[in-house]
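Work through the exercises below with the model open. Try each task before you read its solution.

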Amino acid sequence: MNRITQCLHGKGTVSSMMKNREKVGISPQFLAYDQVIRPVVFWNLTGRCNLSCVHCYNASGPAIVSRDELTTAEALAFIDDCAHLKVPVLLLTGGEPLIREDLWLLAEHARSCGIRTALSSNGTLITAGVAEKIKRTGIGYVGISLDGATAHTHDQFRNYDGAFDRAVRAFQHCVDAGVKCGVRVTLTKENLNELGPLIDLSLKIGACRFCMYWLVPSGRGADTYREMQVSEKDITAALDVLYQYAKKIDPSVMEFLTVDAPQDAVHLLEMMEREEVADLPEARDLITSMKGGCSAGSRVANVTQYGDVYPCQFAQIREFYIGSIREKPFSVLYNDSENPVLKRFREKQDHLTGQCRRCSYLTICGGGCRVRAYHETGDMYADDPFCDILARQGNSGLSM
């Protein structure tokens with residue numbers, strides 16, 4: 001996760017984090033930079049969903065049934081275990097988590113255990129009443145998917161006419177209920193040209209965060225990966241758009257960040273260097289303090305609706321299976337330093353091959369996304385095929 005806003009608006013953000021990063025109770029926006037490694041858990045509460053999106057990393061949809069999903073008792077025990085581990089945030093996702101019948105009970109239990117919760121939703125089921133329940137049960141933030149600035153584009157992604165209008169109304173319901181909400185968008189060839197208008201729309205409807213995901217070959221996203229993935233030129237253009245918006249918009253109004261490409265941080269630092277931004281040294285220190293970008297298997301973990309544990313939500317394949325919370329508590333699985341999958345992810349920089357291993361930016365991005373590398377080559381230590389930095393001649397640009 002690359003937090004563009006925190007790096008650009010250093011006063012009160014970057015500088016505050018660098019001075020206080022050893023303290024307990026760190027603010028959510030700085031968890032990625034915390035020196036105490038505790039995982040943010042992406043928890044697929046269900047595989048059921050009222051939509052069937054073309055790029056869904058979890059291959060969720062209406063045809064999925066609830067058979068073998070964690071029971072309420074198992075889910076409550078998992079939350080207790082997360083509290084024992086001092087998990088800072090549980091991100092409740094799916095499928096569509098609002099379909100899970102005991103969602104409110106689980107959210108209230110997490111709050112009683114001192115765990116912050118956030119909800120990831122397609123927005124179509126968020127009515128005024130649901131927004132009030134979100135507020136009442138202590139869910140602190142809702143990320144709502146908007147994959148275009150127009151109904152035509154968004155509804156095509158979602159395979160559902162009317163999804164756009166219902167998602168936009170969901171923002172109003174959340175704002176009226178006093179619930180913080182933000183936009184989540186996966187950028188592809190199909191919606192690249194709507195990035196600027198989508199940011200404008202996000203500001204208009206009250207989103208406080210704009211989170212741009214890059215496509216990862218997982219779930220149905222693997223089926224459409226080559227067809228929908230953007231080009232190197234598109235990557236640079238999109239990051240420039242985010243940078244320009246983040247530079248001019250007050251951070252108290254909207255935060256900008258990207259996900260699934262740690263090398264985005266290189267672009268950010270280069271742009272800050274070109275414009276001689278005063279906070280560049282602190283931004284560089286903050287980014288390098290993460291010790292290599294991707295948090296999968298260390299600061300991030302994924303637990304599926306069946307209790308299976310993976311390094312991240314995009315790594316749900318047999319080769320990256322860590323274990324099951326039905327057999328061992330999550331806290332035991334996560335702290336097993338000899339687990340072969342965790343070792344592979346946590347020690348990835350020691351085993352990278354190709355240009356990634358020799359790249360002068362390795363301390364910043366850590367070699368990019370290992371899921372993409374594995375999907376494209378069968379070797380998780382190979383070069384990240386999405387990295388446009390590797391294509392540059394001589395790795396010139398940023399002085400480290």
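**Exercise 1. The core**

Which residues of the largest nonpolar core touch the most other members?

Solution. Keep in mind that the model is predicted. The largest nonpolar core holds 122 residues. Within this core, Trp43, Phe210 and Phe330 touch the most other members. Next, look for the element that supplies the largest share: helix H11 (residues 232-248) does, with 7 residues. Now take Phe330 and leave aside its neighbours within four places in sequence. Its contacts include Pro39, Val41, Phe78, Leu85 and Val87. Ala301, Val303, Val309 and Ile325 are also in contact with Phe330. So is Asp81.

**Exercise 2. The sheet**

Give the strand order of the open sheet and find its edges.

Solution. Start with the totals: the protein chain has 18 helices and 11 strands. The open sheet has 11 strands, with mixed pairing. Its order reads S1-S8-S7-S6-S5-S4-S3-S2-S9-S10-S11. The edge strands are S1 (2-3) and S11 (323-324), each pairing on one side only.

Check two pairs. Strand S4 (residues 116-121) runs parallel to S5, and the two pair over 4 bridges. Ala118 stands opposite Tyr141 in S5. Strand S6 (residues 180-187) and S7 also pair in the parallel sense, over 6 bridges. Here Val183 has Phe210 in S7 as its bridge partner. Phe210 was met above, among the core residues that touch the most other members.

**Exercise 3. Two faces of a strand**

Are the faces of S5 covered or open?

Solution. Count first: in strand S5 (residues 141-145), 5 of 5 residues are buried. Then split the strand by side. Tyr141, Gly143 and Ser145 lie on one side. Val142 and Ile144 lie on the other. Every one of these residues is buried, and both faces are covered. For the wider setting, 58% of the 400 residues of the protein chain count as buried.

**Exercise 4. A helix pair**

Describe how helices H6 and H7 pack.

Solution. Two packed helices are described by the angle between their axes and the distance between the axes. For helix H6 (residues 151-158) and helix H7 (residues 163-177), the angle is about 105° and the axes are 8 Å apart. Angles of 65 to 115 degrees count as roughly perpendicular. H6 and H7 are therefore roughly perpendicular to each other. Now list the residues that meet. H6 brings Ala151, His154, Asp155 and Arg158. H7 brings Ala163, Phe164 and Ala167. The residues of this contact divide into 4 nonpolar, 1 polar and 2 charged.

**Exercise 5. A loop residue**

Where is Ser52 found, and what does Ser52 touch?

Solution. Ser52 sits in the loop between strand S2 (40-44) and helix H3 (72-85). Its relative accessible area is 30%, so Ser52 is partly exposed. Set aside residues up to four places away in sequence: Ser52 touches Ser60, Pro62, Arg158, Asn159 and Arg220. Arg158 is 106 residues from Ser52 in sequence, yet their C-alpha atoms are 6.2 Å apart. Arg158 also takes part in the contact of H6 with H7.

**Exercise 6. A late helix**

Which residues of H18 are buried, and what do they pack against?

Solution. In helix H18 (residues 370-377), the buried residues are Arg370, Val371, Arg372 and Ala373. They pack against strand S7 (209-214) and three helices: H10 (225-228), H15 (340-346) and H16 (354-358). After H18 comes Gly378, with a positive phi near 80°.

Terms used. Residues numbered from 1 in each chain as written. Predicted model: local features only at pLDDT ≥ 70, side-chain atom pairs only at ≥ 80, totals over all residues. Heavy atoms only, no water. Axes fitted to C-alpha atoms, helices over the stretch in contact; angles between N-to-C directions. Parallel < 35°, antiparallel > 145°, perpendicular 65-115°, else oblique. Contact = heavy atoms within 4.5 Å. Nonpolar A, V, L, I, M, F, W, Y, C, P; charged D, E, K, R; others polar. Core = buried A, V, L, I, M, F, W, Y, C linked by side-chain atoms within 4.5 Å. Buried < 20%, exposed > 50% of the residue type's maximum accessible area, 1.4 Å probe, protein only. Pairing = 2+ DSSP bridges.
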